[in-house]
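Biologist: I would like to learn how to read a model like this one. Could you walk me through it?

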There are 2 protein chains.
Amino acid sequence: MSEGDKNNKQKYHHGNLQNSLVTAATKMIEAEGIENLSLRKLAISVGVSRTAAYHHFTDKNDLLCAVAAQGFIAWKAIEEQVFNDTTLTNEQQYRQFFLNYIQFAAENPSLYDLMFGRTIWKEASSTQTLRDAAYPSFQYQVEMTKTWQAQGLLPKSENTLRLAQVTWGTMHGIARLLIDGIYADSNNIDEMCECALNLFLAQKSTATS
Amino acid sequence: MSEGDKNNKQKYHHGNLQNSLVTAATKMIEAEGIENLSLRKLAISVGVSRTAAYHHFTDKNDLLCAVAAQGFIAWKAIEEQVFNDTTLTNEQQYRQFFLNYIQFAAENPSLYDLMFGRTIWKEASSTQTLRDAAYPSFQYQVEMTKTWQAQGLLPKSENTLRLAQVTWGTMHGIARLLIDGIYADSNNIDEMCECALNLFLAQKSTATS
DNA sequence: AGCTTAAGTTGCCATGGTTAACATTACCTT
DNA sequence: AAGGTAATGTTAACCATGGCAACTTAAGCT
């Protein structure tokens, strides 16, 4: 074969299968939903045979965990961007964080579903890699809650961990209602967030006492 | 065959397959999770052949919807029990409702997952039967929110629908975190609920102005 | 009794996850 | 450069599952 063929001809070794699979899987999941992702279709879309993926992931769950881990990394970048923005007041920062969270979920529903859904978390099926990527986010949430309490945005009287669970629960709940199309739709994201923030931030006056 | 055989011998016609399937499916789902429910295993457990179910349900989704619908009926009974209990004050009633909701989810995690998860709600895959069973609950939530606002338990200033979405979102979020085992576990249900209720009900003073 | 139809049954097919055995190539050692 | 090894891909095959078709049984009405 001629040298020029190298560009057209498929190499026997893909070269970057692992990453390609994660990327392609992310797209496919966002396009067709988690439950419609099949390793076979995925393999074909990447131009590789059915079982090639098994040389990079122990099984489907492992791949899904990798996709989710990638999602957490992306989410963390957004998170940090808000907290490094010094032009915002404390309250603006909190509001922005809340809005970003819901927006992230609304814009990447299937990815969010994967990241925070039972598919990969139930029955200890989460990978170590995933946990390493995800736990810092949880941790962050608690730390920030402590800060917000100190700033008087959230009630100081509440146990920090519980408060973090509840406030995150609210974001998570709203996100899920949106994603699952239950009882809420994306037309009202802003209003819903505003309402939730009003509930939480109204504590300010009594909390700083 | 003798008359007595009727008790031992399998009848060709099951007699009450539809209900049996829903009941068995509910149990199997609670035992092994939604994703592990297979129509074949289910059929065997009921003592019927693989495809018998198709004479009662158009497909698997249809069966799942029936199970979920049953769940909504069960939940409604609990709901009404609280609201008919006249010995409770308004606030006690609200607290009880909140606690019951989380408890229902914690005690029937898989059923809750099915009822409020994307499996049956995404892509308009919900059955009419299911919608008929479920919508009243959503409706109820809105009506009760209006009442709670009128009673001064929740801020009157907020749009009722948004408030209902947010408060339900919080319950839903907490339930999901518990069920999916993310960041929260069942040891702290009471404390989490208490924290959430404190956030919501603290509005009282400003709301009644 | 006989017809119709609901309710069950077995056979069959496609999809999809996963393992096993084989093929190819990258890469390291000598 | 030659040769060996491990990594990476490939095909074949297995098994579980959802679902359709064609056939069977029996319940129920006329």
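**Reading the contacts between and within chains**

Modeller: Gladly! Let us begin with one pair: A:Arg118 and B:Glu35 form a salt bridge, with their closest N and O atoms 3.9 Å apart. Please keep in mind that this is a predicted model.

Biologist: How many salt bridges does the rule find across the interface of chain A and chain B?

Modeller: The rule asks for a side-chain nitrogen of Lys or Arg within 4 Å of a carboxyl oxygen of Asp or Glu. Across the interface of chain A and chain B, nine salt bridges satisfy it. There are also 11 residue pairs in polar contact between chain A and chain B, counting pairs with both residues at pLDDT 80 or more.

Biologist: Which helices of chain A each supply at least two residues of the side that touches chain B?

Modeller: They are H6 (109-116), H7 (118-121), H8 (128-150), H9 (160-180) and H10 (189-201) of chain A. The largest share comes from H9(A), with 15 residues. By kind, the side of chain A that touches chain B has 21 nonpolar, 12 polar and 10 charged residues.

Biologist: What area do chain A and chain B bury between them?

Modeller: Buried area is the accessible area that two parts lose on being put together, summed over both. Chain A and chain B bury about 3900 Å², and carbon and sulfur atoms account for 62% of this. On the chain A side, the residues that lose the most area to chain B are A:Arg118, A:Tyr183 and A:Leu199, together 21% of what that side buries. So A:Arg118 of our opening salt bridge turns up here again. In terms of contacts, 43 residues of chain A meet 43 residues of chain B.

Biologist: How is chain A laid on chain B?

Modeller: A turn of 180° with a shift of 0.0 Å along the axis lays chain A on chain B, with an RMSD of 0.1 Å. That is the relation of a two-fold axis. In addition, 100% of the interface residues of chain A are also interface residues in chain B, so the copies meet through the same surface.

Biologist: Now for one chain by itself. Into which domains is chain A divided?

Modeller: Chain A has domain 1 (14-56) and domain 2 (69-207). Taken over C-alpha atoms, the centres of these two domains of chain A are 29 Å apart. Five residues of domain 1 of chain A are in contact with eight residues of domain 2 of chain A.

Biologist: Which residues of domain 1 of chain A lose the most area to domain 2 of chain A?

Modeller: Those are A:Ile29, A:Glu30 and A:Ile34, which together make up 77% of what the domain 1 side buries. The whole area buried between domain 1 and domain 2 of chain A is about 530 Å², with 66% from carbon and sulfur atoms. The rule finds zero salt bridges across this domain interface of chain A, while three residue pairs are in polar contact, both residues being at pLDDT 80 or more. The domain 1 side that touches domain 2 in chain A consists of three nonpolar residues, one polar and one charged.

Biologist: Could we finish with a single residue? Where does A:Ser125 lie?

Modeller: A:Ser125 is in the loop between H7 and H8 of chain A. A polar atom of the A:Ser125 side chain lies 3.0 Å from the backbone oxygen of A:Ile120, and for the backbone oxygen of A:Lys122 the distance is 2.8 Å. Setting aside neighbours within four places in sequence, A:Ser125 is in contact with A:Asn61, A:Cys65, A:Thr119 and A:Ile120.

Terms used
Residues are numbered from 1 along each chain as its sequence is written. Chains are lettered from A and ligands numbered from 1 in the order in which they are written. This is a predicted model: local features need pLDDT of at least 70, side-chain atom pairs count only at pLDDT 80 or more; totals for chains, interfaces and linings use all residues. Side-chain values use heavy atoms; hydrogens and water are left out. Copies are superposed by least squares on the C-alpha atoms of residues with pLDDT of at least 70 in both. Contact means heavy atoms within 4.5 Å. Domain bounds come from an automatic or database domain assignment. Buried area is the accessible area (1.4 Å probe) that two parts lose on being put together, summed over both. A polar contact is a pair of N or O atoms within 3.5 Å; within protein, one must be able to donate a hydrogen and the other to accept it, and residues adjacent in sequence count only if both atoms are side-chain atoms. Ala, Val, Leu, Ile, Met, Phe, Trp, Tyr, Cys and Pro count as nonpolar, Asp, Glu, Lys and Arg as charged, and the others, Gly among them, as polar. Helices (H or I, at least four residues) and strands (E, at least two) are DSSP runs, numbered from the N terminus.
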